[in-house]
Amino acid sequence: MIYPQIIHVDMDAFFAAVEVRDNPELRGKPLIIGSLPSERGVVSTCSYEARKYGVRSAMSIKDAYRRCPHGIYMHPNGHKYYEVSKQIHEIWDKYTDLCECISLDEGFLDVTASAHLFGGAAKIGGEIKHRTVETVGLTCSVGIGYSLMSAKLASEEKKPDGYFEIPTPKALRELIIDRNVREIYGVGAKTADELKRIGITTVRQIYENPQLVTSLLGNHGRQIIELAEGIDNRKVTPFAEAKSIGAEHTFQHDTTDFAYLKDVLLLTAQRISFDLKLKGIYAHTVTLKVTYHDMKSITRSKSGDATDKTQVIFDTAAALLDKIERRPIRLVGISLSNISATPNMQISLFDAGDDAQQSKLDDAMLTLQKKYGRGIVKTANVLGAEKRVGDF
């Protein structure tokens with residue numbers, strides 16, 4: 001049987017690696033990128049030296065500091081990481097137009113149709129590793145598989161700076177049979193706990209108790225069994241069809257000041273609008289996320305014409321904010337979903353001239369922002385919000 005050829009590329013401790021590259025004095029030290037120990041927030045990523053102390057991505061910064069008080073803590077530099085990410089993605093694009101960028105530093109490439117042009121998937125994987133070091137001075141781990149799950153597992157097998165292949169379902173089953181159920185795509189902590197309550201902790205036990213798994217988890221259980229058997233029919237989906245893009249902000253002190261919250265939302269809308277424009281995509285749905293002081297999180301959404309405009313995103317999020325319960329808030333964020341490759345706003349004959357002028361202005365602003373950074377062009381409203389909010 002001829003299987004698809006999927007490559008998964010995952011940069012090694014990406015944010016931390018970029019900082020070490022740019023400041024060699026950080027090499028070999030436990031580096032934690034995210035919030036500072038005196039702040040609220042989480043770890044974005046950390047060096048492998050920090051991971052030896054149990055520090056992990058998404059961990060509370062307070063927990064990270066308890067585990068590694070002697071670590072070096074830094075705020076992320078999003079613009080710098082994005083520029084490096086663009087260079088990395090350009091390398092991937094040389095081999096296929098079927099590239100799904102999961103994040104700045106991770107992606108799937110379907111090279112089934114193009115592998116023969118470059119000497120095979122294995123050669124492509126090796127070239128990606130070599131070109132990544134040569135171009136940006138960073139290492140990556142590459143996995144080659146016949147499916148998304150197998151390629152992802154393969155890239156994790158020899159990290160950091162690793163290379164591994166899982167060419168068939170049989171090879172996947174042999175690799176994971178005695179591993180924890182968390183190895184299977186879609187089995188998170190909650191599902192693993194549910195399975196543990198019925199005595200299932202390994203993949204082998206899933207093979208041995210399929211009826212028990214489906215009785216407990218229904219359709220999700222059947223999907224888990226298929227994935228454990230190596231059956232994964234998901235396709236690599238180009239980024240323009242990705243699910244969402246967004247940003248959020250955790251406050252150092254809970255707030256009930258909704259005018260202040262709207263300033264934060266405006267700056268957040270500006271940030272993700274810039275990301276949309278860089279990627280040439282638009283969003284139909286704006287979702288407001290709020291986490292209250294008691295850690296209860298809520299989301300509110302509204303859909304409309306596809307847009308990449310800061311003001312439209314902000315106005316929608318602010319209107320959603322006005323409708324929520326007013327009590328102390330710990331975090332606020334905006335995410336955009338229902339992504340489209342084109343806008344579909346209805347323009348009347350009388351608006352056409354103004355819209356053309358605005359498009360020219362937007363293009364000119366984006367050109368400046370690409371060259372000098374997102375903050376080079378600011379509206380009066382944004383300047384006012386920055387003055388009131390401070391460092392953001």
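Leaving aside its neighbours within four places in sequence, which residues is Asp 232 in contact with? Keep that in mind as you set up the viewer.

**Before you start**

You have a predicted model open, so local features need pLDDT of at least 70 and side-chain atom pairs count only at pLDDT 80 or more, while totals for chains, interfaces and linings use all residues. Residues are numbered from 1 along each chain as its sequence is written, and side-chain values use heavy atoms, with hydrogens and water left out.

**The whole protein**

Colour by secondary structure: the protein has 15 helices and 12 strands. These are DSSP runs numbered from the N terminus, with at least four residues for a helix (H or I) and at least two for a strand (E). Of the 392 residues, 43% are buried; buried means under 20% relative accessible area, exposed over 50%, and partly exposed in between (1.4 Å probe, protein chains only). Switch on the surface and about 20200 Å² is exposed, with carbon and sulfur atoms supplying 51% of it; the areas come from the Shrake-Rupley method with a 1.4 Å probe, and for residues only the protein chains shown count as cover. Among contacts with a separation of 6 or more, 64% are between residues 24 or more positions apart, where contact means heavy atoms within 4.5 Å.

**Stop 1: the open sheet**

Select the 5 strands in the order E5-E6-E1-E7-E8, an open sheet with mixed pairing. Strand E5 (99-103) and strand E8 (163-166) stand at the edges with a single partner strand each, so one side of each has no neighbour in the sheet. From one strand to the next, the twist averages 15°. Two strands pair if DSSP finds at least two bridges between them.

Zoom in on the E5 edge. E5 and E6 run antiparallel and are joined by 4 bridges, and a hairpin of 2 residues links E5 to E6. Here Cys 99 stands opposite Leu 109 in E6.

Now go to the E8 edge. Strand E7 (residues 140-145) and E8 run parallel, also with 4 bridges, and Val 142 is opposite Tyr 163 in E8. Add helix H5 (residues 121-136), which lies across strand E1 (6-11), strand E6 (106-110), E7 and E8, running at about 170° to E7.

**Stop 2: Asp 232**

Asp 232 sits in the loop between H11 and strand E9 (244-255), and at 10% relative accessibility it counts as buried. As for the opening question, Asp 232 is in contact with Ser 147, Leu 148, Met 149 and Leu 227, its neighbours within four places in sequence being left aside. Put a distance label on the backbone nitrogen of Met 149: a polar atom of the Asp 232 side chain lies 2.9 Å away. A second label fits the side chains of Asp 232 and Arg 234, joined by a polar contact of 2.9 Å. A polar contact is a pair of N or O atoms within 3.5 Å; within protein, one must be able to donate a hydrogen and the other to accept it, and residues adjacent in sequence count only if both atoms are side-chain atoms.

**Stop 3: Arg 330**

Finish in strand E12 (residues 329-340), the place of Arg 330. Arg 330 is partly exposed, with a relative accessible area of 22%. Not counting residues up to four places away in sequence, Arg 330 touches several residues, including Arg 40, His 249, Asp 254 and Tyr 292.

Methods. Axes fitted to C-alpha atoms, helices over the stretch in contact; angles between N-to-C directions.
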